[in-house]
Amino acid sequence: MNQDMNRDAAWRVALRSEKSAKERSATPRVTMPMLPADYRITCNEEVNRGLSAEQAVLEASRCLDCPDPQCMQGCPVSINIPGFVKNIERGEFLQAASVLKMTSALPAVCGRVCPQEKQCESKCIYNKMKKSPVAIGYLERFAADFEREEHAVNPVAVERPAPNGIKVAVVGSGPAGLSFAGDMIKRGYDVTVYEALHEIGGVLKYGIPEFRLPNSVVEAEIDGLRALGVRFVKDCVVGKILSYDDLHALGYKGIFVASGAGLPRFMGIPGENYIGIMSSNEYLTRINLMGAGRPGEDTPVLKGRRVAVIGGGNTAMDSVRTARRQGAEAAMIVYRRSEAEMPARIEEVEHAKEEGVQFMTLCNPVEYLADDKGRVCAMKVQRMELGEPDESGRRSPQPIPGAIEEIPVDLVIVSVGVSPNPLISHAISALEVSRRGTIVVNDATMQSSLADLYAGGDIVRGGATVILAMGDGRRAAGAMHGLFHEMSDVWSVSDDTDHDLNG
Ligand SMILES: Cc1cc2nc3c(=O)[nH]c(=O)nc-3n(C[C@H](O)[C@H](O)[C@H](O)COP(=O)(O)OP(=O)(O)OC[C@H]3O[C@@H](n4cnc5c(N)ncnc54)[C@H](O)[C@@H]3O)c2cc1C
Ligand code: SF4
């Protein structure tokens, strides 16, 4: 056991004696301070304001520091949850941020957008006690924000190993690519991230709106990677501007493809091509990445008075709440199952309701109608009921015969899922891809059918979550490093690069 762990054990004992488990569990869960709904629909300001230091310390004191912390089983990147929470409890906020950064490249992002209620918090021991779980996500955000806002030089940051001279390329700068880049640079690799767009961050920048995840937060996390030495090349579409062979010619020994699933799906129903019907991808990218709707910006975007968003995931919630902020008088979610089956984070659903969004659940559009200029003016909606569970485990929606109604709308945002962009698989014909267009990998190593090409995130999963994408990036980095290690005779990879990825 090293010195740090001894110190850790000592303060845990001290803390346990300070507050009894009964006192800890009697403390109610903290409430996140937030902007009032009537104000926030007038602007793009972040809705959740973050905990104060006092709130964070009190919330952290609820954690029972379980000997076998089940919360960690629920975290796809295995964050040492009691470790960082207990640092907050004793006021060591930078230490808490360091613990987070050992396993997560983007804690300020994950603290804001991870579905904690389905992951770490769902496994917290408090659930068994019929009490609200420790607010792990709020605490994660608090520690990461503290470090950023204090512009703190983290005293626990470990120096990264000497460069090993081996070049690796990353395709795509979303959470999977960033997480891979962070782990590899800390192991001494020479890392370059190629991004097709003019901004780094993937969906974190072009998808998730400012009111939920400010770009400045994402930018600060990217700056951290830049400071470690990661290079970013924007406006470079791999598969068009650079080929697989070009990457080899540039000296890259390993490639991690994290190009996401940016191809929107449509329902294929009559009238879906009318003016005023677009995908969430297009709508959110215009507004979040290209500044549409902001004074002085050139990018146009249609503004509707009666806006229907089709779908029940995070993308749908982001779109409908954006529509409210763009001035929609009536903004509605149209979802074919019931609210219980909605994949969106519960908090986003609650926030949408507070902001006046109408929820038309058990409804499915079957046709759009247009005016004489070809612009959508109404949708025909089929009422549904829930039948037996389908292959997703959720009860499948069945149409109620004859229950169709017509609803006036002037803008429709389709948010029914995404598919992987086929560019990379078309450009690299030897790459094995599934029928869905995802890159086929070994689940444990993320290695593809090509020995030097690994892949992770939505391009493999076909649309998942930030933390799962990050977990893939970490696994791929560990496995690629292992492969290079086996080949160390050829490239002389240093043996001492496998320590804690701190910093
Ligand atoms: C609107 C929206 C809201 C969401 N909300 C949440 C949420 O609250 N919580 C959550 O956990 N998840 C959420 N998700 C899902 C989550 O954002 C994704 O699962 C995650 O971003 C996937 O990460 P990734 O790195 O695989 O891909 P992406 O984030 O999609 O990044 C891929 C990047 O690769 C680039 N790229 C593509 N092709 C090429 C190429 N040929 N050459 C170079 N670059 C290329 C793209 O431009 C993009 O920047 C949301 C998704 C959307 C769209
Ligand atoms: S399960 Fe809950 S109480 Fe136990 S260590 Fe994890 S967060 Fe703390």
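**Figure 1. The surroundings of ligand 1 in this predicted model.** Ligand 1 is surrounded by 37 residues. The closest are V113, E195, R212, V238 and D458. Sorted by class, the shell holds 21 nonpolar, 11 polar and 5 charged residues. Several helices help to build this shell. At least two residues each come from α12 (175-185), α13 (203-206), α17 (314-325), α19 (423-427) and α21 (466-486). Which element gives the largest share? It is α17, with 3 residues.

**Figure 2. Backbone atoms beside the oxygens of ligand 1.** Look at three residues here: A176, V203 and A464. A backbone N or O atom of A176 sits 2.9 Å from an oxygen atom of ligand 1. For V203, a polar backbone atom is 3.0 Å from an oxygen atom of the ligand. For A464, the distance from a polar backbone atom to a ligand oxygen is 3.2 Å. How much of ligand 1 does the protein cover? On its own, ligand 1 has 1000 Å² of accessible area, and the protein covers 94% of this.

**Figure 3. Ligand 1 between two domains.** The domain assignment divides the protein into domain 1 (3-149), domain 2 (167-262 + 420-491) and domain 3 (264-418). Domain 2 is written as two stretches of the chain, 167-262 and 420-491. Where does ligand 1 lie with respect to domain 2 and domain 3? Both domains give residues to its shell, so ligand 1 lies between them. The centres of domain 2 and domain 3, taken over C-alpha atoms, are 31 Å apart. The two domains also touch: 15 residues of domain 2 are in contact with 14 residues of domain 3.

**Figure 4. G457, a buried loop residue.** Find G457 in the loop that runs from β15 (453-455) to α20 (458-461). Is G457 buried or exposed? Its relative accessibility is 0%, so G457 counts as buried. Leaving out neighbours within four places in sequence, G457 is in contact with A176, A469 and D472. One of these partners, A176, also has a backbone N or O atom 2.9 Å from an oxygen of ligand 1. Another partner, D472, is 15 residues from G457 along the chain, and their C-alpha atoms are 6.0 Å apart.

**Figure 5. The nonpolar shell of ligand 2.** The residues around ligand 2 are C63, L64, C66, P69, C71, P82, C124, I125, V134 and I136. How do they divide by class? The shell has 10 nonpolar residues, no polar ones and no charged ones.

**Figure 6. D65 and S78, two residues with positive phi.** Neither residue is a glycine. D65 has a phi of about 50 degrees. D65 lies in the loop between α4 (53-60) and α5 (70-73). S78 has a phi near 55 degrees. The loop that holds S78 runs between α5 and α6 (81-89). Now compare their surfaces. D65 counts as buried because its relative accessibility is 5%, below the 20% limit. S78 counts as partly exposed because its value is 43%, between the limits of 20% and 50%.

**Figure 7. M332, a buried residue in a strand.** M332 belongs to strand β8 (residues 330-335). Its relative accessible area is 1%, so M332 is buried. What does M332 touch, beyond its neighbours within four places in sequence? Its contacts include the run R306, V307, A308 and V309. V320, V357, Q358 and M360 are also among them. I407, P408 and V409 are further contacts of M332. Y194 makes a separate landmark. M332 and Y194 are 138 residues apart in sequence, and 37 Å separate their C-alpha atoms.

**Figure 8. P270 and D372, two loop residues.** P270 sits in the loop between β5 (263-264) and β6 (277-279). Not counting residues up to four places away in sequence, P270 touches V366, E367 and Y368. P270 and E117 are 153 residues apart along the chain, with 38 Å between their C-alpha atoms. D372 is in the loop between β10 (363-370) and β11 (376-389). Why does D372 count as exposed? Its relative accessibility is 77%, and exposed means over 50%. D372 and P107 are 265 residues apart in sequence and 51 Å apart in space, from C-alpha to C-alpha.

Definitions and conventions. Residues numbered from 1 in each chain as written. Chains lettered and ligands numbered in written order. Predicted model: local features only at pLDDT ≥ 70, side-chain atom pairs only at ≥ 80, totals over all residues. Heavy atoms only, no water. Near = heavy atom within 4 Å. Nonpolar A, V, L, I, M, F, W, Y, C, P; charged D, E, K, R; others polar. Helix = DSSP H or I, 4+ residues; strand = E, 2+ residues; numbered from the N terminus. Buried < 20%, exposed > 50% of the residue type's maximum accessible area, 1.4 Å probe, protein only. Contact = heavy atoms within 4.5 Å. Polar contact = N/O pair within 3.5 Å; in protein donor to acceptor, adjacent residues only side chain to side chain. Areas by Shrake-Rupley, 256 points an atom, 1.4 Å probe, with all protein chains shown as cover. Domains from an automatic or database assignment.
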